[in-house]
Structures are given as C-alpha cells and as structure tokens.
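Q: Could you take a close look at one part of this structure for me? Please start with a loop, and then tell me about helix packing and the internal cavities.

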Amino acid sequence: MSKLFDSLKDIGDQFKDLSVEANNRLHQTGRTIRFVVNPNHRHDEEHEKEADRIRTEIAESHRFKSFAPPREGNRARWFIDGHDYFYALSEALENAQESIYILDWWLSPELYLRRPPTKNEEWRLDRVLKRKAEQGVRIYVVVYKEVTQTMTMSSAHTKHSLMNLHENILVMRHPDHIGGDITLYYSHHSKVCIIDNRIAFVGGIDLCFGRWDTHNHPLADAHPTNFDRALFPGQDYNARILDFTKVSEYVGNEISILQAPRGPWHDIHSVIKGPSVIDLTQLFVERWNHIYDEKYYLEKKYHHLALPHNLPEDEPVNRHPHLGRWKEIGRSFKHPWSGDHENSREDFKDPQEPHRGTVNVQVLRSAGDWSNGILTEKSIQNAYIEMIREASHSIWIENQFFITAVGDGRPVDNRIGAAIVERILQSAKDKQKFLVTIVIPAVPGFAGDIQGAAGTKAIMHAQYASICRKGKSIMEVIRKAGVNPDEYIRFYNLHSYDRINYDRKLIREMEEKSGVSFHQAQVAQARVWLGEGEGPKDRAVFIQQPVGETSIDPQQMAASVDPNAKPQKKAVQMPATVEEARDVVNRFISAAPRDDQEVSDSVAGHALRDSTSLLDEQWLGSEEDEKNNFVTEQCYVHSKILIVDDRRVLIGSANINDRSMNGDRDSETALVFEDRDLVESKMDGQRFLAGRFATTFRRQLTRFHLGLIPPQPCNYDERVDENMRAYPNPNAYDFGSEEDKLVEDPLSDSFLELYRSTARKNTKIFEDVFHVQPTDLVRNWEDYKNYRTSALVGHVDPSLDLRYIKEQLAQVRGTLCEMPLHYLEDVDLIEGGLEVNPITADIYL
C-alpha cells in the first residue's frame with residue numbers, strides 16, 4: 001500500500017507541477033505581448049515615474065552616481081586565486097546562522113571548496129548548503145539562465161540539484177529569453193555571497209567548475225600511484241581547447257588528464273564586514289524581488305524579501321520607493337544596523353572586533369530595466385573613468401577583456417580608453433612619470449582553435465582596435481599626439497607550464513597486473529567522491545582517451561602520438577557502491593611496481609620562489625615520455641580589477657567592454673576600496689604614504705606575476721594561513737622582505753627593468769619551447785600554419801632536446817609575458833556570417 005500511495009502522490013505532484021507550469025507559460029506569453037507592445041512598461045505610469053525619480057535623486061547625490069554611498073569603518077581583505085577565496089567562503093558559510101544570499105553567473109553544486117576532494121568530502125558546495133539548510137538557515141540563489149543552444153553551464157541542473165536538497169533553499173533562474181521580457185544576449189554576471197547580512201564576498205570568481213586554482217597554477221593532475229592527491233575531480237579538470245559539456249554529468253571528463261593540460265585560472269575576489277554590507281543586501285533584495293514579480297509570483301514556495309529597515313534616518317535606503325511595501329510582505333532577516341532586532345550599530349563590534357575597520361567601501365553596479373526593473377545605472381564605468389582621470393602616478397588593470405573607445409560613437413560606447421589617453425597625454429605635457437600596466441588573457445573568451453573561432457576573432461579584433469590598430473586605438477592616438485606610448489602604457493599576458501605524470505610503461509604494467517585500466521580507476525575514484533546515496537550508481541562515464549593512443553597495450557602503443565588524430569571517448573562503467581569503487585582503485589594502485597614518490601605529479605611550482613629547481617626533478621620513465629609530457633597553457637586572466645596610486649582599488653565582476661560597463665546589458669557588481677590605514681612606501685623614488693589594502697594587493701599581484709612568492713602546495717598536510725580565513729582582518733604581508741623591496745616602488749627604474757625583462761625572457765622561452773600563440777612571429781594565416789609544430793597543441797616542439805627544454809623552462813619566472821601587439825596584424829579578424837554580424841555584435845562587445 002505504501003508503494004501505491006507513493007506512486008499516487010508522485011502522479012499528483014506531477015499534475016500539480018504541470019498546472020503551475022501551464023499557468024506560468026500563460027502569464028509569460030502575456031508579459032511577452034506587453035513587452036513587445038510597450039518596452040517601457042515598467043516606467044510609464046505616474047507611480048513608476050516617481051519611483052524612478054527617487055532612485056535617480058539618491059544616485060545623483062552619491063559619488064560615481066551609484067545607488068550606494070561610500071561608507072567608513074569596513075574591514076576588508078583581498079584574495080588572489082580561488083584556493084584562498086573558496087577556503088574563506090567555506091568558513092563563512094559554515095558559520096551562517098540565519099541567511100545566505102548568492103548571485104552568480106554559473107554555480108556548480110558539486111564544486112569542492114576545499115581540496116583535495118578525498119580529504120574534504122563534506123566541503124562540497126551542495127553538501128555545505130544542505131547542512132546549513134537543515135540547521136534552519138534560509139538560502140536564496142539567483143543564477144543566470146543561459147541560452148542553452150550556445151552555452152553549457154546548465155542552470156536547470158543548478159536549480160533542481162539545490163532545491164531538491166531542502167525546502168529552505170530557493171533558486172531563481174533569469175532571464176527567460178522567450179516568454180517574458182525578451183533578453184537574448186545579456187546575462188546576470190555578478191559573483192556575490194552575503195551571509196547573515198554581516199559579511200559579504202564580491203569579485204570575479206564564480207562558484208563553478210574551473211575556477212578553483214592555486215598560485216602554482218598546475219596544468220597537471222595525474223597521480224598514477226595515489227589517486228587521493230587529485231585536486232580537480234571530473235569536469236573541474238577543464239581546458240581551453242574544449243568547453244564544458246553536459247555539466248550535470250560532472251564526474252565524467254571530455255579531455256584526457258594524461259595528455260591535455262588543464263586551463264589554469266587567475267582571478268580575484270574580496271570580502272568585507274562592516275556598514276557597506278547593507279548596500280549589498282539592498283542590491284540582492286532588489287534583484288530577487290524584481291525577478292519574483294516578473295517570473296515566480298505564481299509559485300507559492302517563493303516570496304518577497306524585505307529591505308533592511310528601521311535604520312538611522314540618514315540612510316538612503318529609507319527613501320527607497322518600495323521599502324514599506326516590501327517590509328509588509330517580504331521575509332525579513334537581522335541586520336547589524338536594524339533597530340527592530342536585537343542587533344544594533346554597537347552589536348557590529350563583536351568580541352573579536354574591538355575596533356572598527358579602516359577601509360572605506362562603496363558598492364557599485366551595472367543594472368537596468370531587464371536586470372533590476374530600474375533606469376540604467378552604470379556606476380562601475382563612472383568609477384573607472386573618474387579614478388583613471390584622478391590618478392597621479394600609476395594605474396594597474398587586470399581584466400578578462402579590453403574593449404573600449406577612445407573616440408566617439410559606435411560600435412563601442414564605453415569611454416575608459418578615452419580616460420586613459422587623456423591621463424597619459426596630461427602626464428606627457430607635464431613631463432611627469434606615469435605608468436599604466438594592463439594584464440589580459442592571451443586568447444579571450446572562447447574554446448577552440450583561433451582560426452576557426454569566429455567569436456574569438458571578433459573579440460581579438462575589437463581588443464586590438466582598442467589597443468593599437470585601426471587608426472583610433474589608445475596607442476595610435478597617443479602616438480599621433482607626438483608621445484611615445486611605450487613610455488606610458490604596456491600590455492601583458494600570463495602563461496604557465498607543467499609536466500604531466502604520464503609514464504606509459506608504468507601505467508601499462510599496472511593495468512596488466514591489476515586487470516584494471518587507468519580510466520577504470522579514475523572513474524572508480526569519482527564514484528568515491530560521489531559518496532553513498534547520490535545519483536545513479538550503475539552508469540557509464542565517458543572519458544577521453546589520449547589522442548593517438550586507443551590502447552596502452554604494448555602491441556598497439558605507438559612511439560609517438562598523431563596530433564591530427566581525432567579524440568576518442570570511451571565508456572567506462574561506474575562501480576555500484578563506494579566500497580566496490582575503493583576496491584577498484586586499491587587494486588590498480590597496489591599493482592604499482594614502485595611508490596613513485598620521487599616523481600612529482602606537478603612541477604609548476606618551480607616558476608615561483610621554490611627551494612629546488614626544475615633541473616632537480618626526477619623521472620623514472622623514458623626520456624621520450626618525459627619530453628612529451630611537458631605542456632603549456634595561457635594562465636587565463638579572469639580578474640576584473642583596477643588599482644590606482646597604491647591607494648584606491650576596484651574589485652568586481654565587470655569586464656572592460658560595453659556588455660559589462662553600459663549598465664543596460666550584463667548586470668554587474670563591484671566595490672571600491674580606500675584604506676585610511678596608511679603605510680610608508682615609495683613612489684618614483686620618493687617617500688609615499690600608500691593605503692595598506694591597495695599597496696599590499698598591488699605588491700602581491702606583481703610578485704605573483706614575477707614568481708616572487710613561494711609555491712602554494714595543496715595536500716593532506718595543508719597549513720591554513722591567515723590569507724585563507726573568512727574573517728576580514730587586513731591581509732598578512734611580509735613588509736621589508738627581499739621580495740617586497742623589489743616591488744615596493746612601481747615607478748622605480750629597477751622595478752620597471754625587472755618587470756619588463758622578466759616578461760621579455762618568459763615570452764622568448766614559451767615561444768621557443770612550445771611555439772605558443774598568439775606571438776608576434778605570426779602576422780598572417782600562412783605564418784599561423786607554418787609556426788605550428790607536429791606536436792599536440794600545448795606540447796613541446798618535438799625537434800628540441802629534452803635537456804635543452806628543461807634548461808629553458810627552469811629559467812621561467814612567474815607567469816608574466818609580453819602581449820604580442822603584431823599578432824595576425826596582416827589579416828582581417830572579422831568574418832561576417834551567422835555567428836558574427838551587426839545583429840550579434842553586442843554579444844562580443
């Protein structure tokens with residue numbers, strides 16, 4: 001009877017879901033008609049015009065025309081790369097008491113916040129959120145609803161995976177591309193997490209696959225004799241050569257970890273605790289309620305949220321046009337400033353915080369009608385332009401894209417480039433030393449070969465037109481004014497190298513002795529990560545085989561691989577239980593004829609301040625295998641940061657392009673930091689007082705670029721250092737160390753020579769050993785074809801001697817390389833067609 005009852009209940013629930021879906025579709029159709037007839041339908045009635053007037057008046061009274069004012073008394077910390085940020089976030093989530101708000105472009109429920117996964121099974125994101133929901137914490141998530149025909153992150157999987165965990169977890173996907181306000185091109189791009197309205201994380205790092213990385217930026221994660229050391233489970237081992245596919249099948253992998261380098265990911269995030277969290281709460285509540293009113297108002301499990309209320313009279317949110325209504329109908333959570341809860345301004349000072357923070361923080365956003373139901377706000381672009389114009393000495397920019405205008409008009413609108421030119425020409429006129437340093441990816445955005453990727457070429461065309469080509473670029477305009485741009489502005493990329501631990505003879509012996517293939521052991525380890533009670537147990541996982549090697553059988557194994565061979569995927573059956581999976585892994589590992597401890601699974605740390613050299617590394621297999629296992633990949637720059645004069649910092653989610661900066665396209669969030677805690681420093685050889693937050697951040701970034709930081713191992717014995725903690729005290733930094741003195745003064749001749757010579761030398765080595773592209777050695781498609789070697793993409797030139805390869809790579813310091821400004825300059829990178837045309841141009845700009 002119980003089975004019959006459950007079956008009837010399931011049928012009833014299905015009919016209920018169908019009824020809700022039918023109602024939703026009917027209302028969506030009505031909204032579409034309303035939008036087509038009147039695109040201005042949220043701003044044409046008198047009460048709507050009054051709400052717009054109030055919001056505009058508030059923004060006009062704030063710096064950068066932001067909805068939020070600058071606020072004193074915040075504590076703040078920066079994070080370089082995902083390793084530190086995700087650990088801090090895991091701490092903060094675990095300490096959540098009442099509420100968690102998350103805005104994200106892509107969220108992978110199966111993301112491990114701490115590594116290695118085998119040691120940290122309970123720190124997978126969905127398991128953390130489930131644990132907190134069971135404790136009574138309310139969790140609200142907004143993710144971008146992608147265009148499924150062109151994007152692969154599966155927000156549907158995100159929503160259903162999380163909401164199936166517990167009723168206290170609610171997830172919204174937005175926008176609907178057809179069936180509502182028609183939004184085809186633009187996305188919710190913020191990366192924000194607010195916990196208990198007390199602590200907030202803002203920056204460029206999504207909670208998704210491919211973002212966790214260490215300062216080492218390893219390209220290799222093969223561990224033949226100890227699978228427990230793996231850091232990048234399943235689809236988290238991602239490469240630029242292939243985009244994510246079927247992310248709901250997260251334990252599979254479409255690339256071979258034995259042959260393809262993973263894509264290293266360089267990114268920035270921040271955490272604040274203090275008064276400015278109230279503005280991030282307002283930002284989230286406005287977004288949530290806008291989407292609720294537009295899409296989810298018929299679904300009973302969803303509800304409005306209340307803005308922070310009963311605040312001091314001088315708070316701008318007190319004038320919010322929906323404050324009273326949302327207070328009456330929305331769910332309310334405590335806020336340290338809220339007078340109707342136990343908390344108050346004084347309660348903000350808990351026993352661990354005897355003093356207020358020293359950092360002034362202002363919340364900025366790009367938001368508009370489709371994303372927030374408001375008139376367009378572009379305070380992030382305003383901040384970039386004003387901060388650049390007000391710079392006195394130096395500007396540091398890291399960004400995923402660099403598409404901006406110097407002149408007027410289309411096709412690019414944002415005027416960040418114009419501000420840079422204006423500031424440089426003023427310095428030249430004043431005969432003042434001034435420097436703009438910009439770091440962007442070597443290849444932007446999209447996966448695959450450059451020649452066949454119309455979208456990638458469109459972005460590269462726009463970037464080169466912004467930087468140095470087509471007559472109206474930054475460098476051309478400066479040069480036309482009689483100024484040498486090289487004296488004032490430089491562009492750089494980042495590259496990494498590594499060695500994959502793929503000894504074919506060793507693995508063949510282990511397979512023969514154990515009766516278990518390497519990929520069977522790999523899939524069994526994935527089953528261990530899944531744990532008991534999760535997902536279908538008896539299923540096949542598709543794993544890509546090494547290119548040119550359909551088997552590791554000695555009769556079929558070639559001496560070298562065919563770079564033109566097409567990748568082959570093999571279905572590997574997953575063990576039914578964790579116990580069976582562990583048995584499979586143990587059988588494979590126990591068949592190893594040696595423990596392999598002398599052979600490193602990654603050698604990427606040698607590009608940093610390591611105690612040993614690459615030349616000290618052991619290899620117990622053939623020289624040919626070792627040579628074939630050296631790999632490179634661009635270290636993908638996903639940061640979105642601006643540092644001005646070692647005093648002001650902007651960290652956020654906004655790229656330098658119209659999509660992020662114009663306000664009515666992608667929705668974005670950023671913070672501006674100004675630290676009142678000043679430290680002794682130098683600028684162009686003179687005594688200078690720098691902001692602690694800004695100068696430590698800029699110095700650590702440049703040390704990362706130059707390899708002047710120690711390697712960052714991640715293993716069972718990992719030591720948790722101060723910069724991995726959630727509590728936002730100032731970052732720990734070794735002022736006065738030998739490395740610090742090298743980077744203290746960003747305008748000194750010695751620093752500029754170190755920075756530029758390191759980039760120059762690294763560039764030459766990567767071109768020599770790997771024939772990396774982009775490169776100034778390639779000016780046209782014929783060069784592009786001839787420059788490529790017979791090796792697989794990312795592997796060494798096979799004509800080189802192993803000893804020479806190691807001697808060259810041992811000289812690489814950090815990741816910094818020169819950006820090749822002459823790459824493919826003799827060809828037109830724009831190809832008209834279905835993918836790139838005047839209608840779709842906004843996607844890329």
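**Loops, packed helices and cavities**

A: Pro175 sits in the loop that runs between β4 (169–174) and β5 (192–195). Please keep in mind that this is a predicted model. The peptide bond joining His174 and Pro175 is cis, with omega at about 5 degrees. A cis bond also leads from Gln773 to Pro774, where omega is near 0 degrees. Pro774 belongs to the loop between α20 (749–770) and α21 (781–787). One further backbone detail is at Lys431, whose phi is positive, near 55 degrees, although the residue is not glycine. You will find Lys431 in the loop between α10 (416–430) and β12 (435–439).

Now to the helices, which deserve the closest look. Two packed helices are described by the angle between their axes and the distance between the axes. For helix α13 (residues 504–514) and helix α15 (residues 578–590), the axes come within 8 Å and cross at roughly 120 degrees. An angle of 65 to 115 degrees would count as roughly perpendicular and one over 145 as roughly antiparallel, and α13 and α15 are therefore oblique to each other. Their crossing is right-handed. On the α13 side, Met510, Glu511 and Ser514 make the contact, and on the α15 side Arg587, Phe588 and Ile589 do so. Sorted by class, the residues of this contact are 3 nonpolar, 1 polar and 2 charged.

Helix α15 also packs against α14: the axes of α14 and α15 come within 8 Å and cross at roughly 145 degrees. The crossing of α14 and α15 is left-handed. From α14, the contact involves Phe518, Gln520, Ala521, Ala524, Gln525, Arg527 and Val528. From α15, the partners are Val578, Ala581, Arg582, Val584, Val585 and Phe588. The class count for the contact of α14 with α15 is 9 nonpolar, 2 polar and 2 charged residues. Phe588 of α15 is worth following, as it takes part in the contact with α13 and in the contact with α14.

Helix α14 leads us on to the cavities. Across the whole structure, a search finds 11 cavities of 30 Å³ or more. The largest of them has a volume of about 200 Å³. Its lining is made by 18 residues, and those closest to its centre are Ala230, Phe232, Ile257, Gln522 and Trp529. Helix α14 (residues 518–530) gives the largest share of that lining, with 5 residues. By class, the lining of the largest cavity comprises 12 nonpolar, 5 polar and 1 charged residues.

The second largest cavity has a volume of about 90 Å³. Its lining includes Glu110, Tyr112, Arg124, Phe209, Pro233 and Gly234. Also lining the second largest cavity are Asp236, Tyr250, Val251, Trp529 and Leu530. Here the classes come to 7 nonpolar, 1 polar and 3 charged residues. Trp529 ties the two together: this residue is among those closest to the centre of the largest cavity, and Trp529 lines the second largest cavity as well.

If you would like one place to begin in your viewer, try Trp529 for the cavities and Phe588 for the helix contacts.

Conventions
Residues numbered from 1 in each chain as written. Predicted model: local features only at pLDDT ≥ 70, side-chain atom pairs only at ≥ 80, totals over all residues. Heavy atoms only, no water. Axes fitted to C-alpha atoms, helices over the stretch in contact; angles between N-to-C directions. Helix = DSSP H or I, 4+ residues; strand = E, 2+ residues; numbered from the N terminus. Parallel < 35°, antiparallel > 145°, perpendicular 65-115°, else oblique. Left-handed = near helix turned anticlockwise from the far one by under 90°. Contact = heavy atoms within 4.5 Å. Nonpolar A, V, L, I, M, F, W, Y, C, P; charged D, E, K, R; others polar. 1 Å grid on protein atoms, 1.4 Å probe; cavity = no way out; pocket = protein on both sides within 12 Å on 5 of 7 lines; lining within 4 Å. Points joined across faces, edges and corners; volume = space filled by probe spheres on them.
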